[in-house]
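Q: Please take a close look at one part of this model, and then place that part in its wider setting.

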Amino acid sequence: MRKALLPSVVIIAASLLLLRIFYLQVIDDSFKLKSENNAIKIKYDYPERGYVYDRNGKLLIANQPSYDIMVVPKDVKNIDTLEFCSLLDISKEFFIKKINKAKVYSPMLPSVFLPQLNKLEYAAFQEKIRKFGGFYIQKRSLRDYQVDYGANVFGFITQVNENIVKKNPYYIGGDLIGKQGIEQSYEEFLRGQKGVKYILRDKFNREIGSYKEGKYDTISKQGSDLTLTIDGELQKYGEELMINKWGGIVAIEPKTGEILALVSAPSFNPALLVGRQRSKNYTLLHNDSIAKPLYDRGLLAEYTPGSPFKILTGLIALQEGVVTDSTRFSCHRGFSYARGRFMKCHCSGGAVQLHRGIYQSCNTYFSNCYIKLINKYKDHSYAVDRWADHLKSFGLGAFMGYDLPIGKKGNIPTSKTYNRVYNGWNWDGKTIVSNAIGQGEVLMTPIQLANFMATVANRGYYYTPHIVKRIKGNIIDKKYRTKHTTTIDRKYFEPIITGMNAVYGPGGTASGLGVAGIEICGKTGTAENYLKVNGKRVKLQDHSIFVAFAPRDNPKIAIAVFVENGYWGKRWAGPITTLMIEKYLNKKITKVDFEKRMLTGSLKAQYDKLYPKKHQDSISLINNRIKDSLAKIKRTRDSINGVLKKEIKIDTLQNP
Amino acid sequence: MRNQSVTNNIDWISIVIYIALVVMGWLNIYSSSLSTVSEDASIFDFTQIYGKQFLFIIFSIPIIFVVLSVEAKFYEKYSIIIFAVALLSLIGLFLFGKTIAGQRCWYAIGSFTLQPSEFAKAATSLALAKYLSDVQVNLKDVNRQIQVLIIIFLPVMLILPQPDPGSALIYSVFFIVLYREGLPGWYLLTGFIAIILFVLTLATNNPYIVIGITALVLIINYFRSRLVDRNIIASAILLIVITAFSFSVNFVFNNVFKQHHRDRFNILLGKEVDMKGVGYNTNQSEIAIGSGGFFGKGYLEGTQTKGGFVPEQHTDYIFTTVGEEWGFLGSIFVIGLFVGLILRVIYLAERQKTKFSRVYGYCVAGILFIHFFVNIAMVVGVFPTIGVPLPFFSYGGSGLWGFTILLFIFLKMDANKVNEW
């Protein structure tokens with residue numbers, strides 16, 4: 001018995017070991033994967049993001065190299081912390097905090113120590129990097145904005161968040177992705193395709209050769225360059241005109257649906273959202289919840305359209321045959337549409353025809369049109385739905401399908417709306433007559449307003465507005481090359497357009513705003529607006545609205561301008577429209593007095609009223625900080641340019 | 001006599017297995033050290049680990065010749081002196097030893113280091129064999145038991161403070177040898193139960209559970225035994241002893257053990273999940289072995305081995321290279337070689353005509369077994385991390401020569417069996 005103990009122990013022990021090894025090697029599969037994660041490093045080769053040009057080939061967005069300082073905490077030994085910190089302009093506490101954070105993540109794997117250094121900071125650090133074991137530099141590519149406008153059009157790039165990584169297998173943590181604007185909607189074209197290299201590495205993350213001779217590696221594909229439909233000069237001019245005003249400008253080329261300018265005010269310099277200060281600046285912009293600089297008013301703001309809507313009322317009335325261009329309605333400086341309900345009118349009164357109805361913006365005329373329109377059929381619900389269908393054929397009340405990632409539908413009321421609101425009532429045209437003059441339930445965004453103007457300019461059709469003209473190597477989506485025809489016959493447009501042209505004539509609501517040599521057709525608008533303050537409806541200063549297209553024959557630009565709280569149409573929106581049209585068509589401004597008044601004019605006092613008293617200080621604080629931030633960007637840009645020049649000098653010395 | 005020459009009588013099976021293990025060991029050391037070497041280094045570059053191991057292997061040939069050419073009687077005659085020299089060399093470490101990685105276990109001669117504890121195993125085996133082969137020794141006698149324990153614990157006491165718990169652990173195998181030679185069985189049984197209670201206490205981390213289970217077993221035992229055998233006092237004493245043991249294990253573990261000792265146990269018990277920190281070694285070695293699969297990744301193709309992810313891969317973790325590059329088949333082969341060698345030595349030992357060489361042979365088999373078992377069990381993650389090399393495989397001159405001398409002294413004795421002395 002005693003002899004048997006050791007041999008049996010040996011055999012039992014060896015069998016147990018073999019069982020365990022069998023489990024590890026044959027049964028449990030997880031180790032294979034772990035081993036690959038361990039020893040095979042996937043190295044990504046990021047292609048340069050596509051450049052962005054304006055419609056005239058002017059470069060708007062290029063790329064700049066950016067340098068992240070990476071750290072492998074395990075390898076950090078005996079470095080001169082003081083020198084390191086002063087070199088990068090960081091505090092010792094910051095240094096310790098970052099190192100500890102990296103250690104917690106992993107002592108062996110690299111983590112970002114300081115992201116997005118610019119060339120200047122990089123050059124200074126690179127010189128001394130040998131002294132700082134454990135640190136190395138990872139090059140990435142960031143946007144380099146060549147212009148200081150168009151932030152709302154461009155959007156920005158940011159690191160992907162966990163949600164995106166989970167949803168889209170293309171992205172991994174730390175990747176950059178376009179957010180908002182064209183950066184988002186054309187992300188897949190702009191980013192290109194990153195290349196993958198599988199590299200064998202050792203435990204120190206040192207690379208020791210490619211895996212299986214690069215059998216699984218892929219080559220990166222360069223991002224495609226975009227040409228925007230935006231006219232850089234016009235966009236810039238629009239943003240300048242809107243300084244100290246809030247609102248939006250949308251200009252469209254009627255023949256193609258190309259967006260020439262998309263201005264949202266207040267605007268900001270796109271460079272604010274690049275580099276080390278990005279998230280700080282973004283928070284600042286984001287936190288201004290009243291001026292909302294990140295809110296693209298051209299696409300998102302739903303306003304009551306006001307008087308420009310009369311054009312639509314007129315067109316539909318003509319199409320439905322309830323009026324002709326010679327039908328007269330008598331105006332008594334107002335219109336009594338129900339007992340005790342009186343709608344004021346600012347026209348010169350008397351018997352008003354369509355022509356004068358438009359150029360003097362007669363409320364009475366269009367109210368009568370509208371009542372006739374709705375009361376044409378016994379079934380008012382049917383009449384309202386017909387009216388709504390006409391409007392919808394202009395692309396109203398729906399996302400139009402333009403190639404920017406944000407938008408609002410606006411609102412076109414239908415019989416459903418009114419049957420709900422006036423449940424049990426026998427409502428008719430008079431009940432909802434405020435729709436006639438654009439003050440009812442109808443809501444439109446500036447881009448819808450501009451598109452409707454382009455449709456009028458085209459006499460009855462439009463192309464879906466879009467902002468990208470060409471993608472290098474690709475053609476733009478078919479839907480931007482498809483003609484949308486309205487339900488209004490072409491012949492009904494001409495009388496309306498004649499009226500719109502007369503707006504600029506004597507007695508017109510925009511008389512004096514015209515430019516010699518350009519036949520502009522336009523329409524003023526003044527929209528009442530209210531704000532709910534503590535549950536009470538408070539009337540605010542009216543919005544100033546203007547829509548126009550020019551020239552009258554063969555139109556090249558259709559435009560909608562919205563200035564919040566800008567009193568009435570002619571005061572702010574009108575002159576801005578004129579200047580934009582002149583800028584685009586003539587490339588120079590003759591209305592210098594207008595220009596001066598618009599550039600220097602400010603509605604700040606109006607807007608300050610919107611802020612609660614106690615917040616006004618913090619708003620100015622935010623503004624100051626943004627100003628500082630911009631100044632800093634400018635300083636670094638200047639100093640980088642300085643460095644570049646110096647480098648070139650050295651080169652020329654060395655290679656005479 | 002005709003058949004007296006060593007070459008005719010020596011056990012060639014053992015030698016073939018020995019050569020196979022040494023050669024495979026070198027091949028795997030070569031593979032595992034490539035991660036630190038540039039591509040164009042020569043195989044015989046003696047500044048590299050595999051080059052040095054090659055030298056160690058070459059040097060073991062004259063050592064074998066010397067060991068085999070010495071009279072077999074010499075080992076018995078001078079065993080006490082050899083033991084004394086080994087003990088002195090261990091004591092000398094406290095004065096002249098060189099400290100590497102916190103352990104004072106080496107003598108440094110120039111750039112060359114020697115680890116005396118590797119040779120002390122053979123010396124202790126000789127001393128034990130000599131003592132037990134005395135006709136008057138009866139292991140049932142408590143005095144003899146104490147004396148034999150002194151022989152075993154002398155080197156252990158000198159090795160533990162170096163500190164080298166791995167080498168000290170090896171000496172526990174001598175209890176199996178003693179059992180073979182007549183030590184009462186309850187020694188082993190007590191030790192076995194103690195280990196189970198130890199693990200159980202740590203795994204549950206609650207002495208009361210262990211005590212409860214023990215009480216239940218005792219109660220069942222009490223009622224199942226015949227009336228005359230029922231001894232309530234003995235059961236009660238046993239319960240008290242176990243209670244005290246369980247509590248003291250808990251106390252020692254939480255208050256005497258250092259954190260890294262606790263960590264090593266906790267990893268095995270699945271309590272620690274910090275795979276970048278304390279669990280790194282075990283985790284990486286499991287990954288390396290597990291990724292090998294059934295057929296392995298092929299020699300020199302192991303990604304984990306090339307990447308050097310497994311710490312100490314050429315010494316204590318050399319088996320991970322086998323597992324990764326040779327797969328389950330290679331693992332079976334290597335384990336088969338070890339089991340074959342150990343069983344062969346046991347068989348040869350049982351065949352010995354003198355008690356001295358039988359006890360010595362048993363010691364050799366036991367020492368080889370406990371190294372083999374503890375090392376591979378540690379590498380595959382079922383034993384706490386402890387520094388025990390894999391015989392003939394792991395990198396290191398002292399280890400290779402120590403095991404070579406250990407084995408070949410026995411092979412010499414075995415070859416001499418026909419030559420009565």
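In chain B, what is the order of the strands in the open sheet, and what is the pairing?

A: The model is a predicted one. In chain B, the open sheet consists of 3 strands in the order β1-β2-β3, and the pairing is antiparallel. The edges are taken by β1 (98-100) and β3 (112-114) of chain B; each has a single partner strand, so one side of each has no neighbour in the sheet. From one strand to the next, the twist averages 55°.

The pairing of β1(B) with strand β2 (residues 103-109) of chain B is antiparallel and runs over 2 bridges. Within this part of the sheet, B:I100 lies opposite B:Q103 in β2(B).

The setting of the sheet is a chain with many helices: the secondary structure of chain B amounts to 18 helices and 3 strands. Of its 421 residues, 43% are counted as buried. Taking the contacts in chain B between residues at least 6 apart in sequence, 69% are between residues at least 24 apart.

One residue of chain B can serve as an example. B:S125 belongs to helix α6 (residues 116-132) of chain B. B:S125 counts as buried because 25 other C-beta atoms lie within 10 Å, where the cut-off for a buried residue is 20 or more. Leaving aside residues up to four places away in sequence, B:S125 touches B:Y360, B:C363, B:V364 and B:I367. Another pair links distant parts of the sequence: B:S125 and B:L406 are 281 residues apart along the chain, and their C-alpha atoms are separated by 8.7 Å.

Beyond the single chain, there is the contact between chains A and B. Chain A contributes 32 residues to this contact and chain B contributes 40 residues. On the side of chain A that touches chain B, the elements giving two or more residues are α1 (2-27), α2 (30-39) and β8 (195-201) of chain A. Of these, α1(A) gives the most, with 17 residues. By residue class, the side of chain A that touches chain B divides into 19 nonpolar, 4 polar and 9 charged residues.

To return to the sheet: its order is β1-β2-β3 (chain B), with β1 and β3 of chain B at the edges.

Notes:
Residues are numbered from 1 along each chain as its sequence is written. Chains are lettered from A and ligands numbered from 1 in the order in which they are written. This is a predicted model: local features need pLDDT of at least 70, side-chain atom pairs count only at pLDDT 80 or more; totals for chains, interfaces and linings use all residues. Helices (H or I, at least four residues) and strands (E, at least two) are DSSP runs, numbered from the N terminus. A residue is buried if 20 or more other C-beta atoms lie within 10 Å of its own, exposed if 12 or fewer, and partly exposed in between; C-beta atoms are placed from the backbone. Two residues are in contact if their C-beta atoms, placed from the backbone, lie within 7 Å. Ala, Val, Leu, Ile, Met, Phe, Trp, Tyr, Cys and Pro count as nonpolar, Asp, Glu, Lys and Arg as charged, and the others, Gly among them, as polar. Two strands pair if DSSP finds at least two bridges between them. Axes are lines fitted to C-alpha atoms, for helices over the stretch in contact, and angles run from 0 to 180 degrees between N-to-C directions.
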